[in-house]
Amino acid sequence: MKALITLCIALFICFNAKASQPIAPELLFTPPAVYSMKINPNGRYLVSFEHQDTQNVFTIIDSVTLEEHVALSIAHKEKLKVEEYQWIDNKTLYVELDKQSGFLHIDDTQEEIDVSWQKFKLEGHLVAALPSEENTVIFAHRENKNNLKLYKATTEQLEQQDLSQAIELKKELKNALAYFYDESNSVLLTVRLDDEKLEFWFLKSDQKIWKRFYTIDKDNDFIPVGLLDENTMAVLTSKDLDTRSLVKFDINSETFGEVIYQHPTYDLYDAVLNPIGSGVKYVRYIDHGVPKVQYFSADEDALTKNLMARVNNENIVTVDASVDNRKKLMASFSAKNPGKYYYYDKATDELKLIKSVHPQLDNITLSDIEPFSVKVNEHTVIEGMLSRPVGYNNNTLLVYPHGGPVGIRDNATYNGEIQYFTSRGYSVLNVNFRGSSGYGKSFLDKGRAQFGKLIEQDITAVVNAVQQKYNYQNMCSMGTGYGGYSAVMLAIYHPEQYQCVVSMYGIYDLPLLFNASNYKTLEDHRDYIAQVVGEFDESLKTVSPFYFAQKLNAPTLLIAGKKDEVADFEQANRMKFRLNQLQKNVDYLFFDNVGHGQHNWYGDRLQFSYVDHFIRTQLNLEPEITEHYSKILAKEYVRIADAYTFSDNVDNDDKKAYEFYQLASQYGESRATFNVGSFYHQGKYVEQNINSAIEWYKKSSDAGYDDASFRLGDLYYSGKETEQDYEASFHYFNKAHEQQHEDAEFSIARAHCLGRGVEKSFENCLNRLFYVDNDDKTVSSLSEDQYKTWRNVVTDVIWENTFSASEKQQFEQNLFADTGIKVKNIDVADIDYGLFKRDTRSWLRSRKVHEKTTTKIALEKGRIFGVYLSFNNKDTNVDAEKVKTLIKLRWRLPDAIKNKETQKTKIINTSKEYGYYWTLVNDEDLVPGDYTLEIFTLDDKPLLSKTFTVAAEAKT
């Protein structure tokens, strides 16, 4: 029995270790597969708004059969933002895009349902559907800039863009900000701005006059929920209270009355009423980071608890419901569940899974969050949330304060960043310190002007409690915005605790917040900043890490966006300069087209991959690298290396690119291995060495990278940089072809045409170059890049072939058929030669203008010389003037630059003129001697030979 238990424990550990492998960032930092879902009034159909690779789609789902029908596709490239969508009736869905609106109509009278899209361009927005009135809505139509009218209209009237027969409800309130509809009570609500005051108005369905029911300062806390009875409104407010609560508000006297529900600790963030006279349905708040629902109905509460038991005791909430409330669209969620949608039918008590928000994570074990509280003094309790790894544990705690810091909070729900780090063995600690939202006004206000003071004390108290329980070997601070500032301050205050710092989009010089730009010197902005940071005076320097950076001893990574208008880029740039000046261990990642945080998923993947590498490097963490992990690491290192190589919003850096390609190569990444070879090939960062380059290319080829095989084929074929070896060349071209390189077949064809590296085969030559025996493919079907490669190969074959007369005839027949060439018997009609210059007109910069007739050229950089000529068609069998032909041309160069000679072909039109030039571009091109341009027909008949003598003493 003991042995069996031991085996079970071992299997459990192994299973969990396997399940908790590092998660690839592209699985975490990616759009949700499902943005949202809604249920139609009778509960039969669901609509799902979803993300796909190239488009967003609206999908109609039959709740009985679960069959899906794509109703509307919106291509990402169209950049149409979905503003709103709503069921109008059981078979009509309203969709509002930022440039147009329309209705989706469901026809289910046939065996297969059909969905049609009818769009309209009336400017305005849907205020509410009216389920009690078929095909009828309340629509706010903006007739002009200053005139918004409310109409009760049918879908047909909107589709016909004719509101002449619609019922005008009431002219809009001047300066109204938005309109809302309380469906359960048939009440229209609006709020308008009057000077610095917010006015709240409502309109009952049986009335025609708007009634103002409250006026407050715009910064006050007042959220109307709906009517409790004819004269009483339920509102969420913290007026005269510490926590935001659900309170009765007397409309006639404009006074607050009884508190309906108040949580002793937490602010309410939502409330929903039953139909008028039936009280409150539920309120919502966040308890230890977990969203909670307090139902006022015992039946609803019991149902929720019953359904929670069916979804692993995770939170489950009603997202939408049918009009009779018997069919519900529900969603479950938790820290380790990004979200799942379910359909619940009360009649059958059946709960059906419809879709996952992130289906790519369904079979991956995610980390849970352990919420806890720490009492920092007699009157203050701080909540923390600890996310711990499931399997591999690197015994490292990442202290991760949130931004803000006032009015923001962390929650114990799914977070891709946290899952990224816990899957790599880190523990992540979040702290809702004083100033965080959701805990009442006094808790919020205590965080004001506490940069580097109470906030860091709260964080440290929670950190100490966690350390007392788990005793982590390593600890790093990390954060964004204020969290970035806090990360630095924590390491300065407690140098013995923190071994590294990651500060993203952080603030380091508090006085700079007040004057970083002209805008930030304005009084309104300064007042706003002062509410959070404190008054603008010299005392701010005592809590600004820039001014005592000498105390920051932990290795530090600074991440910033050069377009950041919150924490201006100068904050990070100056901090980097100061730390370098002090010879501190500092690294940085600065993004060109990024503001206060990444704006796309690729940026997140790059950023957090770099953060993980930085921490592991600084702490010398050496986790067990499984095959699964090595593939992820390799991909992450390539992503970083590419950012330093290409235009990825990060300044190019050959040294870092080389180092990260090297790291990726160590894990078998074939393209990275190829790129290391290219560094040796080009002499970038490392000394140029073709032999080293070839060795790296061979490793890459063996690892399966087709470009490496093709590059080797080219190198051995040309013989310009290494010893020419046609057999090796043919071997690697074949290998590249097997590895699916799209151009390799042409190089194989060339080998068969010329008998280089393989026995000459004219049949294979024609079949591979012109697809003679392939009915599914033609030269005309090649992509632009493929066609260029094909032309280069054809050029080589034309210049180098040893065809017999009959073979040459067949080759030319195929060439003419695929390129439209009609003649080959031509001669030169007219010629200008000598010096040329670029056309000074900007739109013609590539055009050359004849400057002087001469063959004597001065040895000066930038000189352009050559010929400009036209051709005559001499083929009497073709009468047309505008016909295509092919010429062969080459420049014969001085011995010192002989390796730059190339043989070309050009398809030309005999009715046009052409220029062929040589330009002395670079210093190494400044070689004296004879430069001879030779032009031939396809039959090798000489058309032109013009020699230009380049000399230092030449006068041109």
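Helices (H or I, at least four residues) and strands (E, at least two) are taken here as DSSP runs and numbered from the N terminus. This is a predicted model, in which local features need pLDDT of at least 70 and side-chain atom pairs count only at pLDDT 80 or more, while totals for chains, interfaces and linings use all residues. Residues are numbered from 1 along each chain as its sequence is written, and side-chain values use heavy atoms, with hydrogens and water left out.

Arg-890 is a convenient place to begin, and it belongs to strand β40, which covers residues 884-892. Arg-890 counts as buried because its relative accessibility is 16%, where buried means under 20% relative accessible area, exposed over 50%, and partly exposed in between (1.4 Å probe, protein chains only). Its side chain makes polar contacts with the side chain of Gln-903 at 3.2 Å and with the side chain of Glu-934 at 2.8 Å. A polar contact is a pair of N or O atoms within 3.5 Å; within protein, one must be able to donate a hydrogen and the other to accept it, and residues adjacent in sequence count only if both atoms are side-chain atoms. When neighbours within four places in sequence are left aside, Arg-890 is in contact (heavy atoms within 4.5 Å) with Trp-799, Thr-902, Gln-903, Thr-932, Leu-933, Glu-934 and Phe-936.

From this residue one can step back to the whole chain, which holds 21 helices and 44 strands and whose C-alpha atoms fill a box of roughly 105 × 75 × 75 Å along the principal axes. Of its 956 residues, 52% are buried, and among contacts with a separation of 6 or more, 55% are between residues 24 or more positions apart.

Strand β22 (residues 280-287) is largely enclosed by the rest of the structure, because six of its eight residues are buried. On one side in sequence, strand β21 (residues 268-273) pairs with β22 in the antiparallel sense over five bridges, where pairing requires that DSSP finds at least two bridges between the two strands. Within this pair Ala-271 stands opposite Val-283, and in the hairpin, with six residues between the strands, Gly-277 takes a positive phi near 90 degrees. Strand β22 is also joined by six bridges to β23 (residues 290-295), and these two run antiparallel. Here Arg-284 stands opposite Val-293, while the hairpin has two residues between the strands and His-288 takes a positive phi near 50 degrees.

Some backbone details elsewhere also merit inspection. Most residues other than glycine have a negative phi, and most peptide bonds are trans. Asp-349, although not a glycine, has a positive phi of about 55 degrees; it is found in the loop between β26 (337-345) and β27 (350-356), and it counts as partly exposed because its relative accessibility is 36%. Asn-620, likewise not a glycine, has a positive phi of about 55 degrees and lies in the loop between α11 (601-619) and α12 (627-643), where it counts as exposed because its relative accessibility is 62%. Finally, a cis peptide bond with omega of about -5 degrees joins Gly-404 and Pro-405, and Pro-405 is found in the loop between β30 (396-399) and α5 (416-422).
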